[in-house]
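User: Please take a close look at one part of this model and describe how it is put together. Then say how the remainder is arranged.

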Amino acid sequence: MHVLIVEDDDSVASALAAAVASAGHKAARVSRGEDALLAHRQHEVILLDLGLPDIDGLDVLRKLRQVTQAPILILTARDDERSVVLGLRSGADDYLVKPVKLVELLARIEAVTRRTSRSGQGTPHVITVGPVTVDLDRRVAAVETRELALTATEFDLLSLLARNAGSVVTREQILDALWGDAFLANSRSLDVHLTALRSKLQQPGFIINVRGVGYRVEGEPG
Ligand code: CA
């Protein structure tokens, strides 16, 4: 796995690079947003610090998202909830809080890459639930004729719920399916992605909260 580390702090960057290399991945590091935009093509996972010297990290994220499907993990300072929420809404797959714990970093990289590589497999088909159509092959979802601009994670979340239409999907199942581990995953990431997905769907009541259990969309997957 080729991992791009976008981080202007030398000591943080070298610690991340060592961690990535210790797991057998190849790490490359750039310290400016502009370099990240130039270098992203050679990499399968991107670790993105949000405080960069040249371009705001969130702008780098949005620009990267327009050109790559590679998983992007943002690195944030502790308690910077606003950046986390904005980052996830702008297309980040997950986030890591600095100082980044080695085990957590490696688990997240493994989880996001497993999810991304798996999503391309399986029999190509389209699921329709009520007004919502999910094209698993093209990875495009629509409400009637309105195509939705979903992030990779929002799409995965919607397709998981649509595949299980009519039954409850627990939070643990979602965390496990999307991030590979219900216990290491960020529960808050799920909330943010879910909120964003709902606002893009504009179908109040389509995704129903089953209090204390999980979520359900009504209907039969067709
Ligand atoms: Ca920084």
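What follows concerns the sheet of five strands, the calcium site and then the other strands and helices.

Analyst: The model is predicted, so local features are taken at pLDDT of at least 70 and side-chain atom pairs at pLDDT 80 or more, while totals for chains, interfaces and linings use all residues. Residues are numbered from 1 along each chain as its sequence is written, and side-chain values use heavy atoms, without hydrogens or water.

The five strands make up an open sheet with parallel pairing, in the order 2-1-3-4-5. Strands (E, at least two residues) and helices (H or I, at least four) are DSSP runs numbered from the N terminus; two strands pair if DSSP finds at least two bridges between them. Strand 2 (26-30) and strand 5 (94-97) are at the edges, and each of these pairs on one side only. From one strand to the next the twist averages 20 degrees. Strand 1 and strand 2 run parallel and are joined by five bridges; in this pairing isoleucine 5 has arginine 29 of strand 2 as its bridge partner. Helix 3 packs on the sheet and touches strand 3 and strand 4 (72-76). The direction of helix 3 makes about 160 degrees with that of strand 3, where angles run from 0 to 180 degrees between N-to-C directions and axes are lines fitted to C-alpha atoms, for helices over the stretch in contact.

Valine 45 belongs to strand 3. With 0% relative accessibility, valine 45 is buried, that is, under 20% relative accessible area, whereas exposed means over 50% and partly exposed in between (1.4 Å probe, protein chains only). Beyond its neighbours within four places in sequence, valine 45 has contacts with Met1, His2, Val3, Leu4, Pro71, Leu73, Ile109 and Thr113, contact meaning heavy atoms within 4.5 Å. Lysine 101 is 56 residues from valine 45 along the chain, and the C-alpha atoms of the two are 17 Å apart. Histidine 40 sits before strand 3, in the loop that links helix 2 (33-39) to that strand. Histidine 40 is also counted as buried, at 4% relative accessibility. Residues up to four places away aside, histidine 40 touches Leu4, Ile46, Leu64, Val67 and Thr68.

The calcium ion has Asp8 (OD), Asp49 (OD) and Gly51 (O) as its ligands, at 2.2 to 2.3 Å. Donors are N, O and S atoms within 2.8 Å of the metal (3.2 Å for Na, K and Ca), and the site may look incomplete because water is not among the atoms. The spacing of the donor residues in sequence is D-x40-D-x1-G. Aspartate 8 is in the loop between strand 1 (2-6) and helix 1 (10-22), and glycine 51 is in the loop between strand 3 (45-49) and helix 3 (57-67), so the pair ties together parts 43 residues apart in sequence. Aspartate 8 is partly exposed at a relative accessible area of 32%. Glycine 51 is likewise partly exposed, at 45%.

Further along the chain, strand 6 (residues 126-129) and strand 7 (residues 132-135) run antiparallel, joined by four bridges. Valine 126 faces aspartate 135 of strand 7 in this pairing. The two strands form a hairpin with two residues between them, and glycine 130 in its turn has a positive phi of about 55 degrees. Strand 7 also pairs with strand 8 (residues 140-143), again antiparallel and over four bridges; here valine 134 is the bridge partner of alanine 141. This second hairpin has four residues between its strands, with arginine 139 in the turn at a positive phi of about 55 degrees.

Another open sheet holds three strands in the order 10-12-11, with antiparallel pairing. Strand 10 (169-170) and strand 11 (207-210) are its edges and have a single partner strand each, so one side of each has no neighbour in the sheet. Strand 10 is joined by two bridges to strand 12 (residues 214-217), and valine 169 pairs with tyrosine 215. Helix 6 packs on this sheet, touching strand 10, strand 11 and strand 12, at about 70 degrees to the direction of strand 12.

Helix 6 (residues 152-163) also meets helix 8 (residues 187-201): their axes come within 9 Å and cross at roughly 80 degrees. That makes the two helices roughly perpendicular (65 to 115 degrees; under 35 is roughly parallel, over 145 roughly antiparallel, the rest oblique). Thr153, Glu154, Leu157 and Leu158 of helix 6 make the contact with Leu190, His193, Leu194, Ala196, Leu197, Lys200 and Leu201 of helix 8.
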